[in-house]
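Here is a short lesson in reading a protein model, told as a talk between a learner and a teacher.

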Amino acid sequence: MINVIGLGYIGLPTALMMASHGVEVIGTDYNKELVDTLNAGKTTFKEKGLDELFDAAVKAGIRFTTEYQVTDTYIVSVPTPYDKFSKKVDACYVVAAVKDVMKVCPKGATIVIESTVSPGTIEKYVRPVIEADGFKIGEDLNLVHAPERIIPGNMVYELLHNNRTIGADDRAVGEKIKELYSSFCEGEIVVTDIRTAEMTKVVENTFRAVNIAFANELAKICRHDNMDVYEIIRICNMHPRVNILQPGPGVGGHCISVDPWFLVGDYPSLAKVIDESMRTNDGMPDFVLNRIYEIMKENGMTDIARVGLYGLTYKENVDDMRESPTLQLLESQQRHLAAGLKVYDPFIEKDVVANQYHDLDEFLAAVNFVVIMVKHNEIRENMEKLAGKVVLDCHNICGLPGVYHI
Ligand SMILES: NC(=O)c1ccc[n+]([C@@H]2O[C@H](COP(=O)([O-])OP(=O)(O)OC[C@H]3O[C@@H](n4cnc5c(N)ncnc54)[C@H](O)[C@@H]3O)[C@@H](O)[C@H]2O)c1
């Protein structure tokens, strides 16, 4: 039996996927409300294919609880934020989960850490905790790192098809865990050592962050001298060895906007390009806010309350708002102005910010300047409703004449 610890955006789909592929799974989360929701037959976030996967897993016998289980394999999928001051990974959730596993696990059990951690985290924070309790790693307890690569919005497909990395001290233990993931994963699974697995995950997200920053910097340069960044990128990408990403209003979520900081925090004198890239991406919401003021001025607008931000989530067609560019922009704007922008997102049902709408038509009726912060399918399918409005399209999806870009 597998005990999956932490049933959030990563742990829940992982647990469901294993259960629906014939593995006996119990999911544990210390959030009782979340466990009660799952036990009431409901999923806790919106994701393509998740409800169907949930039904299949429940039929296969998955159970959810707040208790840690006595078993031989644990998968730990708890948060790993970064310390905003030092930029280093905050491993406290992982350490707490490992300590709780140690209270119940039998001799010879394996703890698989799926949470993203910086290279050396397991050595520095997890091993000492285990050894301090008198456990001998490799005999009493085995450690494995199996970082997750899936992207919100396409999690179910990617869980099935992505290649995976498994880092273990002991090759045989790594192969055993590879077999477990092979129950559902159709991609290639590479077995390596723990530090390499830690580093590859962080490097993958850093590669994305740096490339996004390059596109964002190009957008700023092109804005400065009134060049069309999208046309320039399109032509550059016709070169056989060039593949520039698209600029945008910023980066959010719990991966690309967080993990590269781990390298900056751990290697401050070496990770210069990464540091600058993260600052460039983090500066994009402010850049968009300045564009809003510029465009208002150009159109003789003075009332910020007639400006609406479309989208609150950090990416399209998901309900995850963590570190979202819209939230960053609102925070910035609140520092500058008293009353503010209107906001709408079809994926956010609860009121989370001031001046939030829950109906597209009501939102559009309340504003005459729309800023497309997130390219949800809903707005792509309702472009005609933007006719007659001033539009700042941060993703170049609009195609209407007279639209502004970042
Ligand atoms: N969300 C993503 O897109 C994504 C993608 C790849 C990797 N990751 C990594 O996966 C890890 C988990 O991220 P997430 O987005 O699923 O986080 P999350 O916040 O959605 O879920 C974490 C869950 O763990 C629970 N939890 C925390 N500590 C616990 C403990 N000691 N015992 C039991 N439950 C506990 C929380 O209640 C929460 O439900 C992070 O390291 C993240 O960087 C996330």
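The dialogue below starts with the whole chain and then turns to single residues.

Q: What kind of model is this?
A: It is a predicted model. Keep that in mind throughout.

Q: How many helices and strands does the chain have?
A: Start by counting elements. The chain has 15 helices and 14 strands.

Q: Why is the chain called as compact as a globular protein of its length?
A: Compare the radius of gyration with what a rule gives for that length. Here the radius of gyration is 23 Å, and the globule rule gives 22 Å for 406 residues. The two values are close, so the chain is as compact as a globular protein of that length.

Q: What box do the C-alpha atoms fill?
A: Look along the principal axes. The box is roughly 70 × 50 × 40 Å.

Q: Which share of the residues is buried?
A: A residue counts as buried when its relative accessible area is under 20%. Of the 406 residues in this chain, 53% are buried.

Q: What supplies the area that the chain exposes?
A: Ask which atoms face outward. The chain exposes about 18,400 Å². Carbon and sulfur atoms supply 52% of that area.

Q: Which contacts join residues at least 24 apart?
A: Take the contacts between residues at least 6 apart in sequence. In this chain, 68% of those join residues at least 24 apart.

Q: How many positive and negative side chains are there?
A: Count each set, then compare their centres. The chain has 41 positive and 58 negative side chains. The centres of the two sets lie 3 Å apart.

Q: Why is helix H10 described as largely enclosed?
A: Check its residues one by one for burial. H10 covers residues 259–266, and seven of its eight residues are buried, so the helix is largely enclosed by the rest of the structure. The buried ones are Asp259, Pro260, Trp261, Phe262, Leu263, Val264 and Gly265.

Q: What covers the buried residues of H10?
A: Look for elements in contact with them. The cover includes helix H8 (194–224) and helix H11 (272–282).

Q: Is glutamine 69 buried or exposed?
A: Place the residue, then check its accessibility. Glutamine 69 sits in the loop between strand E3 (63–65) and strand E4 (73–76). Its relative accessibility is 17%, so glutamine 69 counts as buried.

Q: What is glutamine 69 in contact with?
A: Set aside neighbours within four places in sequence. Then glutamine 69 is in contact with Met1, Asn3, Ile26, Thr28, Tyr74 and Val104. A polar atom of its side chain also lies 3.0 Å from the backbone oxygen of glutamate 67.

Q: Where is asparagine 162, and what does it touch?
A: Use the same steps. Asparagine 162 is in the loop between helix H6 (155–161) and strand E7 (164–168). At 18% relative accessibility, asparagine 162 counts as buried. Beyond four places in sequence, asparagine 162 touches Arg149, Ile150, Cys185 and Gly187.

Q: How far apart in space are glutamate 24 and alanine 60?
A: Compare distance along the sequence with distance in space. Glutamate 24 and alanine 60 are 36 residues apart in sequence and 8.2 Å apart in space, C-alpha to C-alpha. Glutamate 24 belongs to the loop between helix H1 (11–20) and strand E2 (25–28). With 48% relative accessibility, glutamate 24 counts as partly exposed. Not counting residues up to four places away, glutamate 24 touches Met1, Ile2 and Arg63.

Q: How far apart in space are proline 128 and histidine 405?
A: Make the same comparison. Proline 128 and histidine 405 are 277 residues apart in sequence and 51 Å apart in space, C-alpha to C-alpha. Proline 128 is in helix H5 (residues 121–132). Its relative accessible area is 37%, so proline 128 is partly exposed.

Q: Which sign does phi have in most residues?
A: Most residues other than glycine have a negative phi. Now look at lysine 87. Its phi is positive, near 70°, and lysine 87 is not a glycine. Lysine 87 lies in the loop between E4 and helix H4 (92–104). Lysine 87 is buried, at 18% relative accessible area.

Q: What is the phi of asparagine 317?
A: Asparagine 317 has a positive phi of about 60°, although it is not a glycine. Asparagine 317 lies in the loop between strand E9 (307–310) and helix H13 (325–336). At 26% relative accessible area, asparagine 317 is partly exposed.

How values were computed:
Residues numbered from 1 in each chain as written. Predicted model: local features only at pLDDT ≥ 70, side-chain atom pairs only at ≥ 80, totals over all residues. Heavy atoms only, no water. Helix = DSSP H or I, 4+ residues; strand = E, 2+ residues; numbered from the N terminus. Rg over C-alpha atoms; globule rule 2.2 N^0.38 Å. Buried < 20%, exposed > 50% of the residue type's maximum accessible area, 1.4 Å probe, protein only. Contact = heavy atoms within 4.5 Å. Areas by Shrake-Rupley, 256 points an atom, 1.4 Å probe, with all protein chains shown as cover. Lys, Arg positive; Asp, Glu negative; His and termini not counted. Charge placed at Lys NZ, Arg CZ, Asp CG, Glu CD. Polar contact = N/O pair within 3.5 Å; in protein donor to acceptor, adjacent residues only side chain to side chain.
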